[in-house]
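Trainee: Please pick one residue in this model and look at it closely. Then work outward from it to the rest of the assembly.

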Number of protein chains: 2
Amino acid sequence: MKENATREEQKKTAGRPRDPRTTRSILKAALELGMELGFDGLTVEGIAARAGVGKSTIYRRWPDAWSIVADAVFADVARIAPVLERATARESFRASMRLVARSFRGQHGEILRPLIGRAQVDKSLRLALAEHWLSARREISRKIVRRGIASGELRAGLEPDIVLDALYGPLYHRLLLPYEGDVVHLSDAYIDALVDTVFGGLERK
Amino acid sequence: MKENATREEQKKTAGRPRDPRTTRSILKAALELGMELGFDGLTVEGIAARAGVGKSTIYRRWPDAWSIVADAVFADVARIAPVLERATARESFRASMRLVARSFRGQHGEILRPLIGRAQVDKSLRLALAEHWLSARREISRKIVRRGIASGELRAGLEPDIVLDALYGPLYHRLLLPYEGDVVHLSDAYIDALVDTVFGGLERK
DNA sequence: TTCGATACGGTACGTATCGTATCGTAGTTG
DNA sequence: CAACTACGATACGATACGTACCGTATCGAA
């Protein structure tokens, strides 16, 4: 059972305990190097050199370079893009999706994009992504949909997961597959238009 | 200007011409090895060995292993998932999205997923993806939306690209970020439910 | 205090793959 | 025949991999 260093419970084992400052310097070095050289060119040896630690110190904590990045990113998911609950479902999603879009636009998106990319060929990363990035948010979001149906704001018979796919799917689509230019332009205006479109539907009423 | 070997115009130049069988055997070897070992472990040397060619023969045609995979995949995009035009926009997208979902479920999806993943750290692959996989289909799809608005089937004022994001975004979301289990379950029933939800909207009428 | 256990920075090692260069041979054009 | 390019093969220096040590540092328990 491999453990992420940041999630360690630090049981009272015999021997010298791991230095948290060492862990932090490795995480910091990984993100810095990734932003500078691109996460493609990230190497364990490079991270070790930048952090001023030995390779063995890194391999004692993580199995490879990508696990370090994952740890660094997932450390504060809840802080960066929490699900906000407002009076209506529409307003809840509008606000929550704006936060996600904001994180995609910024430095967080520049890290998350290669991370999701790498997850396509790295099963453990895939699982970590599902667990730390998606599942928690989904759970709350489903409740918002159900509450909207109960209150009469939303149509009866809606499948919560499909609703969430329709709302959040476009964000990931735009993040991962920009088809015009290179810029991810997930502006607030785009979110508003998207929410209006999906909530209102496509058919003429 | 690097050229893809499959797109070569094969001008009448002096010297020995490239053997098309050699090109085909390289493309075949790349896909086979990718499926067997995972596209992560794909190497130029491995492809050369499997195809029975020298490394230089590969480097004469492609700059790296991923370009070979991209060539092999994009060769027949139009054949695998064309945009179908039906009497209504709703039926057009329902049929077209079913085809995309079918390709995602099959072997094509197993290749496209790592390819999109790699595109997150490979700019040229990113561009090739936008050009060969997305742009052509988008163009036709936008017309379908506009026609739907003109005919009165769809609401006036809809932004075609946002409509397409709402429809296709969920498919990519499910392909790249499965959050329950490992199976991509883009069934026909899911597509139907998705189309119904997006076309009908979320709000109670 | 002594002792076992683990962390730490550092280094050496064999393996794998990269992308380039250079053979000699084969096939095509002029 | 001459010029030119494709082709398979191999050698090459360069990186990064992951493992195995080393000697030292820091903990808990006896």
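**From one arginine to the DNA and the second chain**

Mentor: B:Arg50 counts as partly exposed because its relative accessibility is 35%, which lies between the 20% limit for buried and the 50% limit for exposed. Keep in mind throughout that this is a predicted model. B:Arg50 sits in helix H2 of chain B. Apart from neighbours within four places in sequence, B:Arg50 is in contact with B:Ala29, B:Glu32, B:Leu33 and B:Glu36. Another residue from an earlier part of the chain is B:Lys28, 22 residues away from B:Arg50 in sequence, with 9.3 Å between the two C-alpha atoms.

The helix that holds B:Arg50 leads to the DNA, and strand C is a convenient place to start. A backbone N or O atom of B:Val44 is 3.1 Å from a phosphate oxygen of DNA strand C. Helix H2 (44–51) of chain B is one of the elements that give two or more residues to the surface near this strand, along with helix H3 (55–61) of chain B and helix H3 (55–61) of chain A. H3(A) supplies the largest share of that surface, with 4 residues. From chain A, an N or O atom in the side chain of A:Thr57 comes to 2.8 Å from a phosphate oxygen of DNA strand C. A sugar or linking oxygen of the strand is 3.4 Å from a backbone N or O atom of B:Gly15.

Now take the surface near strand C as a whole. There are 22 residues around DNA strand C, and those that come nearest are A:Arg16, A:Asp19, A:Arg61, B:Arg16 and B:Tyr59. By class, the surface has 8 charged, 8 polar and 6 nonpolar residues. On the DNA side, sugar or phosphate contributes 61% of the strand C atoms within 4 Å of the protein, and bases contribute the rest.

Strand D can be read in the same order. A phosphate oxygen of DNA strand D lies 3.3 Å from a side-chain N or O atom of B:Arg18. For B:Asp19 it is a backbone N or O atom that lies 2.6 Å from a phosphate oxygen of the strand. B:Thr57 uses its side chain, where an N or O atom is 2.8 Å from a phosphate oxygen of DNA strand D. The elements that give two or more residues to the surface near strand D are helix H2 (44–51) and H3 of chain A, with H3 of chain B. H3(B) has the largest share here, 4 residues.

Around DNA strand D there are 22 residues, of which A:Tyr59, B:Arg16, B:Asp19, B:Thr57 and B:Arg61 come nearest. Of the strand D atoms within 4 Å of the protein, 67% belong to sugar and phosphate. The residues near strand D divide into 8 charged, 8 polar and 6 nonpolar.

The next point is how the two protein chains are related. Chain A superposes on chain B with an RMSD of 0.1 Å after a rotation of 180° and a shift of 0.0 Å along the axis. The two copies are therefore related as by a two-fold rotation axis. Both copies use the same surface, since 100% of the contact residues of chain A recur in chain B.

Chain A shows how that surface is divided. Its domain 1 covers 16–74 and its domain 2 covers 77–200. The centres of these two domains of chain A, taken over C-alpha atoms, are 29 Å apart. To the contact, domain 1 of chain A gives 8 residues and domain 2 of chain A gives 14.

The fold of chain A can be put briefly. It has 10 helices and 0 strands. Its C-alpha trace spans about 70 × 45 × 25 Å along the principal axes. Of the 205 residues in chain A, 51% are buried. Among contacts in chain A with a separation of 6 or more, 64% are between residues 24 or more positions apart.

For a contrast with B:Arg50, look at A:Gly157, in the loop between helix H8 (123–151) and helix H9 (160–176) of chain A. A:Gly157 counts as exposed because its relative accessibility is 75%. The C-alpha atoms of A:Gly157 and A:Arg146 are 9.9 Å apart, and the two residues are separated by 11 positions in sequence.

How values were computed
Residues are numbered from 1 along each chain as its sequence is written. Chains are lettered from A and ligands numbered from 1 in the order in which they are written. This is a predicted model: local features need pLDDT of at least 70, side-chain atom pairs count only at pLDDT 80 or more; totals for chains, interfaces and linings use all residues. Side-chain values use heavy atoms; hydrogens and water are left out. A residue is near a molecule or strand if one of its heavy atoms lies within 4 Å of it. A polar contact is a pair of N or O atoms within 3.5 Å; within protein, one must be able to donate a hydrogen and the other to accept it, and residues adjacent in sequence count only if both atoms are side-chain atoms. Ala, Val, Leu, Ile, Met, Phe, Trp, Tyr, Cys and Pro count as nonpolar, Asp, Glu, Lys and Arg as charged, and the others, Gly among them, as polar. Buried means under 20% relative accessible area, exposed over 50%, partly exposed in between (1.4 Å probe, protein chains only). Copies are superposed by least squares on the C-alpha atoms of residues with pLDDT of at least 70 in both. Contact means heavy atoms within 4.5 Å. Domain bounds come from an automatic or database domain assignment.
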